[in-house]
Every structure is written in C-alpha cells, then in structure tokens.
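Hi,

Here's the structure I promised to pass along. Have a look at it first, and my notes follow underneath.

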Amino acid sequence: MRQLFFFTLFICVVVHAAPLQMQVLNGAPRVWNRSDFAVSGVPDAQNPFDPDEITVDATFTAPDGKSVTLPAFWFQNFARQLQGDKEILTPVGAAGWRVRWTPVATGAHRWKLVVTTGGKTTSGAGQIVVGAKPENARGFARVEPKEKRYFQTDDGAPLPLSGENVCWFHQRGTFDYDDWFGGYSGASMNYTRLWMHSDLGIEFFTNERTNYNLQHAWQLDYILDLAGQSGIYAMLCLDYHGVFQDKPDMWGGNDWWPKHPYNKLNGGPCATQNDWFTNAEAEKLYRKRLRYLVGRYASFPSLFSWQFFNEINNVYDKLKPADVVSWHDRQAQWIKAHDPYRHLVTTSFGSAGDQPEMWKLSSLDYANYHWYGNWGGAYSSVLQMTSGVAEDFRKRYGKPVVIAEFGTDGGGGDKNRAADPQKRGLVQAIWGGVFSGTAGTTSPWWWEQNHQENNYEIWGALNQFLEGTGFGSAAWKPIEASGPKMSAELGEALPGAAPFEIKINTIASWSGKNKGIGVVRAASDTETVVPNSYLHGNDKKDLINPFVLQAHLASGAKLVIHVNSVSNGAVLAVKANVQEIFRRALPNKDGKWEINNEYNEDFEVALPTGKTDIEIFNPGGDWIYVDSVKLTGVLPSRAPQKDGAPLDAWALSNGKMALVYCVDPRFNWPRGRDATSQKLFGAVATIRGLPDGNYTAQWFNTRNAQSLGVTKPQSQNGILKLAVPPFETDIAAKIIR
C-alpha cells in the first residue's frame, strides 16, 4: 500500500457553513501521475451515488488557462489480507468523498470545488503546484494519429500492445494480480484486459442499482494502480453479454438477466433486454454509473480504454442490432464529452463475426476481434486469421484493430492445450499478431493456464526481439513476403513401404469452406488440409462444404469418421473416386441443435485399393458435427519435385530495416498440431519493397530470442531473396541495410 502524505490546501468558502477542504493523500502532484484528494465539508446525502441528489465536482485550471472538470466520488478504503487461499477485505476508516486528478502540465494550478444538493450550490477554491513528471511516466494511451495502425502514449512513444486477458480473479482476489503482473514484468508485457462483471462490477446485482459496490471498486483501484506501477495499460470492459442472457449457456451459467438491477422484475426500468438500449430511464441510470466511473478511474493513466461490451453479438437473438449500434454511439459521445483525459472507446464481438455499422462509428476509436480455433468463422488457421483480420479491418475501417481474445479451443483450458500440445498455435498467435499489422500481439484468453505454464517467456522473446527497433511508430507497416507454397499433389507411392494410419482432427468453423484436397503422404497430419467440423447439408446450400482426402491405399484400408452430434435430417455419405460407397441417415436423437456428444460414434467405411480420392459429404438436411477422421492402410508417397522448400512468411518495414517471421507450413497451426517438429532445410523467402542494396539478416529463435546466426542477403530491383537457415516450426530475422 502507498504511504499517505497529507497536504492541506488553502480554501476559499462561498456560502457554506462548514468549509470545503481537500487533502492530497499521495504526495505532491506531478505531471502524468495520479493525485488522490480527500474532500471534507460536503453536506450529508441519503444516496451519495445519485447525482440527482448531490453532485460534487472539481475543476483544475492550468497556468495556460486550460481546465478539466472531474466528478468527485463516494469512497470507502479497505485493507486486504490473505487468509488461507482467500482474500479478505476489511473497511478502514469512514466512507467519504474523493477526487482524483492527473495533471498534464507543471506550475501553479487553480482548483475549485462545487457542490450542488437540494437546489443549492456551494463552492471552495484554492491553488496547488504541480511538479515535473516521474521518470517512467508516459501519459495516456492514444491512437497514433498519422497512420492509425498502432497506439502511442502522450510522450509520443509507440505503444505496440503486448499482453493477454486477465479478466477476473478467483478467491485470492487482488493477490492473483500480484502473481500475474509479476509474470508480466519479467517479459516486458504492457497490456491487459479486465472485466467489470460479477467480480469487479459495481452495479451488477439487484441491490446495486445506484448503490455501487465499494469493495469491488476498491479492488479495481488496486489492480489499475498495480498495472500503472508495472507499466501495463488495461482495457476496461464495463459489461458483457451475460447480463442479457436469461438461460444458462454452454458453461451452465452466465444467465444474469433475471438478477440484473435494470430488469423490471427487480425494480428496474427494462421489461426486455432490448429496453437497456432504448429506454430513457435505463440510459439515465447507466450514465449515472458512467459518471461515477469517470470520476473514479479516468485519472488512471494505466486505463487504456473504455470497452462498453464483451461480445454483444452473442445475444443478438434478444436484441435489435440497430438499437445496439445507436446506443453505443450515444454513450461513446457522452463519455468523450465528460472524460477530460479522452480515453479511447471501443466494444467487442464474438467469433461469429463483426458488425460493420458498429466499427464505422467515428465515436469508437479502434476495433476488436475475437477468435477461437473451434469457432473459426472465416479463418481456418491462426496466421490466416491474424493476416486476414489485419488486412480486412484496415481496408474497411481505417482504425487500429486488436485481436483481443484468442484460444486454439474456446471450450476450456484443458481443451485449449489438447488442441495445441506443442504451443505452436500460441506462439504463432502472439508473433503473428505483430507481423500481420494488428496493433500488437494477439491476446490469449486462458490466463490461468498461461501462468501455470509460465508462457510469459513467449512474449518475452518477442519483446526482446523487438527491442531497439522503434517498432509501433507510424513508419512501420507490413510489406510483401512469401515463399513457395505446399504442393497439393500426391506424388508416387514409395515402393515396398509399410502402410500407416493417420487421425486428422477437425476445426470448427460454421461458415468456413474446406479448401483444396487433403493430401496424405506420411504418418502425420502435417501436409493435410484441416477439415471443418461442420458438414452442412441442403438446408444451408451456401455453406455446403464436402471434405476430400487423397491417398495411396493398401488392401483393407478403411475410413473412420467420428460423429459428435447432428441436427435435423442429417445424412453421412462417402464417395471414393466419384462413386458413392457409403450412406447413412443420422436422426437427431435428442431433438436439439447442440454439440453435446449426442452420437459420440465411429462410422467405418471400407475403401478401395490404389490412388483414391475420398469425399465425405452430407446430402441430407441440416449439419453433422465431425470430431475427426481416420485413415488406415495408407501407403507413404513422395512429394512432387518443386522449387525450394515450402515456406510461409510475413514482414514489416519502417523503410530502413525489416522484420521477418517465417513459419514451416507443415506446422502452421492447426496443421501438424499433434506431430513432432522436423527441421526445414533450404527455405527461401522473397521480400518485396526494400530499397536495393546489401543487407545483414540476423536470425532468432522465437521461443527464447537466442541468436541463430547471420546471413548477408541483397535486394535487387526491390526484391530480396532471403535464404532461411535450417529451423523447426518458425524463425524470425532483423534485416538491416
């Protein structure tokens, strides 16, 4: 806890029996450093949270005449202790009024307090001197104004985001953040995301309507203060989609609407969930909360941005999207008018997609995207997602995009690791977010798992690699990088080789199409197309997506399809070399449209001998969800001859140097996710857009940033052919002219 210092300020009292006073609680004010003031002399109020009953506002005027006004807020201090494995908070002293202010200029400032209650206004005034900023203070987060791809701080320094979600704590409360942010510090991580849901929310339960939870508010104070001390900027999510759900979801909970303080059944103004976005009384209540949040938290430089909702589209079956967009625009404009520090404002959508009408709002400063491998949407791989999102959002919205949630599986931490046993997907998400041109690293969701596995070293390696490059300034942008593509041809069977079997796990993408043929050459899934879990039928003709495998087969070969669940009218069918060889109707046993292991059954299909194209499809009505397919009796085959080893590559440049990230496409997640790494030899990346001349390329291991040697490429006619040293899975380089 901070040591407390008290400075009594000179007071001028206007029409008030008891003088208004402010005391600085945490040292003399300094630029970009938050100051807390205790306020006394304010008349009693039955509900100090309700600005209809009482308002206390503080205005600070700088030497140049510029002023900021901040609402005071009702505050209760607490002391924390850990009893066993549980945080216990104990009130300290009496509750009272506080003001928080972060000065942005040095010198003598005038201040004025104004109290309005019962139709009467009283005021007090004084002066206070602001000193120079502390050495490490950087100010507030902003959008980089020139290119609007990245962020920066008030001192003009780039702020490429490097971090993960740590949205809530467990019974250890704020002590969890001591541990998590301790892991951050060793890896130079600078960003996180917090949720004001049931753990940190101040107006979440029925009895909290305009009666804010001061214990949760104090815990959020502690976390934001700790973040500031650790050089971390936090996106603060004010609400999440669960507040509108009225039935348990796939997790067996998150149905908060029946308990919500705005619900009419609990005395609130909203008869339906959509009333939150259209009802005038609900909006008035919400802005009272926003006023309190601005007063209490806006002065934290560690507050990266306000985020109104998490994944609001997850409950669009209960809401009118146009009303949601209009509401966001009104609240964003309101908070921008009342937050004197002009924090960034945003919201977010789930994996099902984004809403262009929302991201086109000029009142929202940047866009968010969430992606989980088992709900992949339009993208079938991590790096396809990071590249696609960066390019698409940049083109459509012209504002930064943050991939603010990520997991190889969204079903749970154990499933996430089972889907990514080698952590390749995690590494590629973190490095790929930077190299694709998003505003920083992709931000993983499973923070408890990352802490247990000490995965901070992945961010640490990237940040060490980027050190000294000035990355994140307006000068940095993606440039073209490429390598030879993997062949989709089968090649000849190896004479005399023993047959093998292979299991190919699927990846869920409701609207994703299976692209190309899954060529099976060896006893790993490193060179196959990863199939979509959903086999759509004729009820959704635009989503029909048969999956084709190609292999050389020995006598007795079989196809084994593991079906998880089905919807109505599903039919599982298989063709071999265009001829249908299997068909089975799969009734909807439980009458539901859920992925719930309704079948959990293998379907075996005998296959012909020789080179065979195997097509798995659904000629029925609605979808089939397939967990995996297995081939037995596969004969190893050669890969066709091609120019150079296949390679996936991404590059960034500031016009003077380039950063390059290369991935072995055999292990571009989810391809090869269960396979043992193999070294890739003879790869060559083609980089376009660098000035002609001689360069030095220094190569690095992406897991620990250790140097892997130096090469000397040359750029001619704007093309640099970059010979890549032998590596496993991925490798990175700094290229300096």
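**Notes on the loops and cores**

Asn 597 sits in the loop between β26 (579-586) and β27 (601-606); strands here are DSSP runs (E, at least two residues) and helices likewise (H or I, at least four), numbered from the N terminus. Its phi is near 60°, a positive value in a residue other than glycine. Asn 597 is partly exposed, with a relative accessible area of 43% (buried means under 20%, exposed over 50%, partly exposed in between, using a 1.4 Å probe and protein chains only).

Before going on: this is a predicted model, where local features need pLDDT of at least 70 and side-chain atom pairs count only at pLDDT 80 or more, while totals for chains, interfaces and linings use all residues. Residues are numbered from 1 along each chain as its sequence is written, and side-chain values use heavy atoms, leaving out hydrogens and water.

Lys 148 also isn't a glycine, yet has a positive phi of about 55°. You'll find Lys 148 in the loop between β11 (141-143) and β12 (151-153), partly exposed at 40% relative accessibility.

For a cis peptide bond, go to Trp 669 and Pro 670, where omega is about 10°. Pro 670 belongs to the loop between β31 (657-663) and β32 (679-680).

Now the inside. The largest nonpolar core (buried Ala, Val, Leu, Ile, Met, Phe, Trp, Tyr and Cys residues joined through side-chain atoms within 4.5 Å) has 146 residues, and Phe 244, Trp 306, Ile 312 and Trp 431 have the most contacts inside it. Helix α2 (residues 214-229) gives the largest share of this core, nine residues. A second, separate core has 30 residues, including Leu 553 and Val 605.

Cheers
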